[in-house]
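Colleague: Before I use this model, I would like to go through the labels attached to it and hear what each of them rests on. Could you put the structure up and begin with the rule that the first label needs?

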Amino acid sequence: MPETLLARADGIINSAVGDALVTGFDLSEKVHPVDEQWLDELAKGLAEQAWLSLDLSARLPAGLLAALRNEVTILHKSEAMSRAGIGRGADLVKDSSVRRDKIAWLEGFSEPQACLFSFLDQLRKGLNQRLFLGLKRFEAHYATYQSGDFYRRHVDSFRGRASRMISLVLYLNEDWGLEDGGELQLFSSGNECSPAGLVRPEAGRAVLFLSEEVPHEVLPANRTRYSIACWFRQDEVPLPL
Ligand SMILES: O=C(O)CCC(=O)C(=O)O
Ligand SMILES: [Fe+2]
């Protein structure tokens with residue numbers, strides 16, 4: 001992306017973060033320590049059924065979801081998001097018959113992102129203590145699916161690559177009705193034909209699953225759909241998916 005465009009998006013985001021502050025994102029309200037009992041439930045859920053649908057709205061600081069939505073909306077409107085691919089590095093393929101979303105990686109520098117990263121890192125440590133996965137880091141990107149966009153059935157990681165181990169998708173859309181489509185459809189790894197769950201991408205809703213085990217797909221959205229996809233990884237440096 002041309003640097004001027006990046007600078008433009010950065011500038012807009014900084015002022016948007018300022019706006020978000022005025023409209024209620026209170027930076028002094030740090031992420032509370034993540035509840036140990038809740039972490040036990042997450043680890044148990046992952047171990048027993050490989051995926052969980054969660055409501056994070058009360059577990060994140062007030063205003064954070066709105067501030068993140070503000071950022072992604074501005075990135076999207078300033079055309080600072082790029083077509084997502086499949087794979088990494090030299091293996092990266094952009095195939096619009098498989099996925100059509102646009103993405104922008106989070107760096108953790110803006111206040112809302114730093115706040116989210118602090119929450120995610122607590123999750124990483126808590127899951128490590130319970131599941132012994134050796135998760136060393138996480139990566140996260142914003143994604144925008146415009147009307148008609150989808151992501152066909154896939155898994156987020158290939159067995160034995162020791163890269164992406166746990167996936168977390170956090171949705172940012174207010175008032176997402178049934179007619180808006182864009183659900184995340186999950187399948188069980190043993191029986192890939194039978195759908196195991198359907199998650200509506202409503203703000204604050206999140207889905208947590210084992211990256212290698214759970215095939216999933218994003219059904220076509222009927223209006224612009226915003227989310228953050230995050231992966232907890234075992235490797236120190238990025239490897240191809
Ligand atoms: O947005 C979603 O619901 C899932 C996205 C996804 O599967 C991915 O980015 O790998
Ligand atoms: Fe995925």
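Modeller: A residue is called buried if 20 or more other C-beta atoms lie within 10 Å of its own, and exposed if 12 or fewer do. Please keep in mind that this is a predicted model.

Colleague: Why is E79 called exposed?

Modeller: E79 has 12 C-beta neighbours inside 10 Å, and because the limit for an exposed residue is 12 or fewer, E79 counts as exposed. Its place is in the loop between α3 and β2 (82-83), and its phi is near 55 degrees, a positive value in a residue other than glycine.

Colleague: Where is F132 found, and what makes it exposed?

Modeller: F132 is found in the loop between α4 and β4 (137-145). With 8 C-beta neighbours inside 10 Å, set against a limit of 12 or fewer, F132 therefore counts as exposed. Phi of F132 is near 50 degrees, again a positive value in a residue other than glycine.

Colleague: What makes E236 exposed, and which residue lies 100 residues apart from it along the chain with a C-alpha separation of 6.3 Å?

Modeller: E236, in the segment after β11, has 8 other C-beta atoms within 10 Å, so with a limit of 12 or fewer it is exposed. The residue in question is K136, whose C-alpha atom is separated from that of E236 by 6.3 Å.

Colleague: How do you know that the span of α4 is close to the expected one?

Modeller: Helix α4 (residues 111-131) has 21 residues, and the expected span is 1.5 Å times one less than that number, so 30 Å is expected, and the helix reaches 30 Å from its first C-alpha to its last. The buried residues of α4 are P112, Q113, C115, L116, L120, L123, R124 and L127.

Colleague: What is the corresponding reasoning for α3, and why is it described as mostly covered?

Modeller: α3 has 14 residues and reaches 20 Å from its first C-alpha to its last, close to the 20 Å expected at 1.5 Å a residue. It is described as mostly covered because 10 of its 14 residues are buried, each having 20 or more other C-beta atoms within 10 Å. Among these buried residues are L64, L68, R69, E71 and V72.

Colleague: Which helix gives the largest share of the largest nonpolar core, and which members touch the most others?

Modeller: Of the 52 residues in that core, L68, Y142, I166, V169, L208, I228 and C230 touch the most other members. The largest share of this core, seven residues, comes from helix α3 (residues 64-77). Leaving aside neighbours within four places in sequence, Y142 is in contact with V72, L75, M81, I103, A104, L106 and I228.

Colleague: Which residues surround ligand 1, and how do they divide by type?

Modeller: The residues around ligand 1 are A143, Y151, D156, V169, L184, H216, V218, S227 and A229, and they divide into six nonpolar, two polar and one charged. β10 (216-218) and β11 (225-233) each supply at least two residues of this shell.

Colleague: To finish, how many helices and strands are there, and what fraction of the chain counts as buried?

Modeller: The protein chain has four helices and 11 strands, and 37% of its 241 residues count as buried. Of the contacts with a separation of 6 or more, 82% are accounted for by residues 24 or more positions apart.

Key. Residues are numbered from 1 along each chain as its sequence is written. Chains are lettered from A and ligands numbered from 1 in the order in which they are written. This is a predicted model: local features need pLDDT of at least 70, side-chain atom pairs count only at pLDDT 80 or more; totals for chains, interfaces and linings use all residues. A residue is near a molecule or strand if its C-beta atom, placed from the backbone, lies within 6 Å of it. Ala, Val, Leu, Ile, Met, Phe, Trp, Tyr, Cys and Pro count as nonpolar, Asp, Glu, Lys and Arg as charged, and the others, Gly among them, as polar. A nonpolar core is a set of buried Ala, Val, Leu, Ile, Met, Phe, Trp, Tyr and Cys residues joined through C-beta atoms within 7 Å. Two residues are in contact if their C-beta atoms, placed from the backbone, lie within 7 Å.
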